[in-house]
Structures are given as C-alpha cells and as structure tokens.
Amino acid sequence: MVTAKVWVLKKHFQGFPKLSDFDLKQIELPNLKDGELLLESVFLSVDPYMRPYSQRDMKEGDIMIGTQVARIVESKNPAFKVGAFVVGRSGWRTHFISDGKDLQFLPSSWPESLPRSLALGTVGMPGLTAYFGLLDVCKMKPGETVLVNAAAGAVGSVVGQLAKIGGCKVVGCAGSDDKVAYLKKIGFDEAFNYKTVTSLDEALRKASPDGYDCFFDNVGGEFTSIAINQMKKYGRIAVCGAISQYNDSVPQKGPYIQIPLIFKELRVEGFIVSRWSNRWEEGMKALLKWVVEGKVKYHEQVTEGFENMPAAFIGMLKGENLGKAIVKV
C-alpha cells in the first residue's frame, strides 16, 4: 500500500492566492489492477493557467490541477516498463495510478544530459504554446518584427528565440533588470523593464519605431491597450494569456480597442495549445532539436520539495521566476 501526498484547493482564491487556500493531505492508493501502473512524480509544473482554470473547473476540496514528469515504479501494463519516465496530467500528487491512456512518453531522442523537467517547459506545454502560437496563429514571416510580453517567462522566452530562428526582429519586455539582461543574453534584439520605463508607449516606440507585425500577448490589460496602437497595418496578435487580470477581484475596465483594430485591419486570435494536440509530437521534436543544437536556450527556477508547491505557485504568479517554474519532489 502506497501513501500519496496531495495538495487540494481548500478555498477558492479571492484575489491573489494565499498559502491558507491550500491543504496538504494524504491518500492511501489501492493495489494495482491488470492494465494499471503506479507512478511517482519527479518534477511538477506550476503555471499561470492554473489560476483561472481553478476558478472555472475546480470545486473546493479538489486536488490542484497540473502536470508532472513521473517515474513508473510498478506496472501491470505491458506497454509501460518500470523505470521509464512519462509526462502525466494528474495534478499536485507525489504518487498516482494510471491506466496509461493519459500518459505521454518523452521523445526517444531525449539525451541523458538534458533535464527531464524540460518536458514541462521548453520541450513541453509552454514551448508548444510558443511554437503553435507563433507559427500557426501569428504566422510570422522572416524580416518581421515580433513583440512579446512576459518575455522572460516559460512561454515568452521560447517565443522570442523561435522568432529569431524564423528571421524576425524581436522586442521583449519583462519586470526586472535581471530578466531584461537574460533576454539580451538569449538573443532578443531589444528588451526593456516595463516597471521602470517612464512611458510604456515611448519604450515600445523606441524599440521599434516602425511598429510591430506580430504581438504575442501573455499579459493583457493596460499593456495590450497601449501596444495595440503600435501594430502595423494587417498586424496579427496571438492572445495567449492575461496574467495581469488573473488575480483581480473586480474586472478591469480598459480602453476600447475597436478603433485601432478597424483602421489597422488587425487580426486578433485567442488560443489554447490543446487545439494542436494531434501535432504535439511534431512540435516536441522540433523544440528538442533546437535545444540540443543550442539554438533555443532555457532557464529553470527549481523549488525543492513537494511541500513547497503552493509557495512556488504564488511566487510564479508574482513574477519571481526566470524561465520555467518547476518543483522537484
């Protein structure tokens, strides 16, 4: 009999999440049936989407949603060998039982020298979000100028690097000088700290006086209402996230965007990466190849200990992470 530790949503978040909104519990797992396997989480992911999705999809007392890289410790399913590593979607748990249908093997070409935690970041859901959002939604072309906000995060940092591989000029913004320095280190043409510039409008104009062809938006809110006025004619905006609004108790009231949309004939499209679930293998192979070749660099903010899941989640929402926020069990 295996005892699993799990984090549950004790209380729905009111404004910014608090440690008291979570509860650590223990669950006794049953013995395996034929076709099942027992897994042990090695790395767990904390991501911005968990904040709005918890409000929409969860009830109080549910185990927190999320993904993990897990090791198979016992198997009664011939398709899954003990010791293999997979990506699961079983939430904030140290151990869980699966029939294998919801599991994804790491690509067979995964080198031993590469951290398996990247399957939750640059070569996982955030990287795929950047890949499909940029290629299929923004439809970037060589020579264009791409703007990305929250650019030092798990998604934004990959967006900028993929845009450079695609022959674009890339402008990124982030919330600290250390993050800006990191963006320049990984190849962004222009980067600035949106918290310290006197005028966001002027900073965007200075970074690209001719405007922007593509805007990969992770933030929403005031930033978007300003940036939209600097899009070029026929520009494309991929709306990936709205982290500036996730913790609002009262919805923000912003400027109305129809006028610039009309006069600039812009195309704005919201998206969720699961739309391309039938092409994830394609995206993962491409991302893994670029990482191995050194064309896409990565940085992970690793928090040690399953007991620190809530703190890592809250820190990520506050922007304390550089690159992908990961918890190592």
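**Figure 1. Salt bridge between Lys18 and Asp21 in the predicted model.** Lys18 and Asp21 form a salt bridge in which the closest N and O atoms are 3.8 Å apart; the structure shown is a predicted model. The two partners differ in burial class: Lys18 has a relative accessible area of 38% and is therefore partly exposed, whereas Asp21, with a relative accessible area of 1%, is buried. The total for the structure is 19 salt bridges.

**Figure 2. Salt bridge between Asp47 and Lys324.** The closest N and O atoms of Asp47 and Lys324 are 3.1 Å apart, and the two residues form a salt bridge. Asp47 belongs to the loop between strand E3 (37–45) and helix H1 (50–57), and Lys324 to strand E15 (residues 324–328), so the pair ties together parts that are 277 residues apart in sequence. Asp47 and Lys324 are buried.

**Figure 3. Salt bridge between Glu144 and Arg236, with a salt-bridge network.** In the salt bridge of Glu144 with Arg236, the closest N and O atoms are 2.7 Å apart. Glu144 sits in the loop between H2 and E8, and Arg236 in strand E12 (residues 231–239); the pair therefore ties together parts that are 92 residues apart in sequence. Glu144 and Arg236 are both buried. Asp136, Arg279 and Glu282 are joined into one network by salt bridges that share partners.

**Figure 4. Surroundings of His12.** The loop between strand E1 (2–9) and strand E2 (22–29) contains His12. The relative accessibility of His12 is 16%, so His12 counts as buried. Apart from neighbours within four places in sequence, the contacts of His12 are Ser54, Gln55, Met58, Lys59 and Glu60.

**Figure 5. Open six-stranded sheet.** The sheet is open and has six strands with parallel pairing, in the order E10-E9-E8-E11-E12-E13. Strand E10 (190–193) and strand E13 (267–270) are the edge strands, each pairing on one side only. From one strand to the next, the twist averages 15°. Four bridges join strand E9 (residues 169–174) to E10 in the parallel sense, with Cys173 opposite Phe192 in E10. Helix H4 (residues 177–185) packs on the sheet and touches E9 and E10, its direction making about 175° with that of E10. Helix H5 (residues 200–207) lies across strand E8 (145–148), E9, E10 and strand E11 (212–217), and runs at about 165° to E10.

**Figure 6. Helix H3 and its cover.** Helix H3 (residues 156–165) has ten residues, eight of them buried, so the helix is largely enclosed by the rest of the structure. The buried residues are Gly156, Ser157, Val158, Val159, Gly160, Gln161, Leu162 and Ala163. Their cover includes helix H2 (125–138), E8, E9, H4, E11 and helix H8 (280–293). Gly167, just after H3, takes a positive phi of about 85°.

**Figure 7. Aromatic pair of Phe22 and Trp92.** The structure holds 13 aromatic pairs. In one of them, Phe22 and Trp92 are stacked, at 5.6 Å centre to centre with 15° between the planes. The pair links distant parts of the chain, 70 residues apart: Phe22 is in strand E2, and Trp92 is in the loop between strand E5 (85–88) and strand E6 (95–98). Phe22 and Trp92 are buried.

**Figure 8. Aromatic pair of Phe132 and Trp276, with its cluster.** The ring centres of Phe132 and Trp276 lie 5.4 Å apart and the planes are at 0°, so the pair is stacked. Phe132 is part of helix H2, while Trp276 is in the loop between E13 and H8; the pair therefore ties together parts that are 144 residues apart in sequence. Phe132 has a relative accessible area of 0% and is buried, and Trp276, at 6% relative accessibility, also counts as buried. Ring pairs link Tyr131, Phe132, Phe216, Phe271, Trp276 and Trp290 into a cluster.

**Figure 9. Span of the annotated domain.** An unreviewed UniProt entry lists residues 15–327 as "domain: Enoyl reductase (ER)". In the model, the end C-alpha atoms of residues 15–327 lie 23 Å apart, and the span is 27% helix and 25% strand.

Key: Residues are numbered from 1 along each chain as its sequence is written. This is a predicted model: local features need pLDDT of at least 70, side-chain atom pairs count only at pLDDT 80 or more; totals for chains, interfaces and linings use all residues. Side-chain values use heavy atoms; hydrogens and water are left out. UniProt positions are given in the numbering used here, feature names are shortened, and annotations may be inferred rather than shown by experiment. Helices (H or I, at least four residues) and strands (E, at least two) are DSSP runs, numbered from the N terminus. Two strands pair if DSSP finds at least two bridges between them. Axes are lines fitted to C-alpha atoms, for helices over the stretch in contact, and angles run from 0 to 180 degrees between N-to-C directions. Contact means heavy atoms within 4.5 Å. Buried means under 20% relative accessible area, exposed over 50%, partly exposed in between (1.4 Å probe, protein chains only). A salt bridge is a side-chain nitrogen of Lys or Arg within 4 Å of a carboxyl oxygen of Asp or Glu. Rings of Phe, Tyr and Trp (its six-membered ring) pair if their centres lie within 6.5 Å; planes under 30 degrees apart count as stacked, over 60 as edge-to-face and the rest as tilted.
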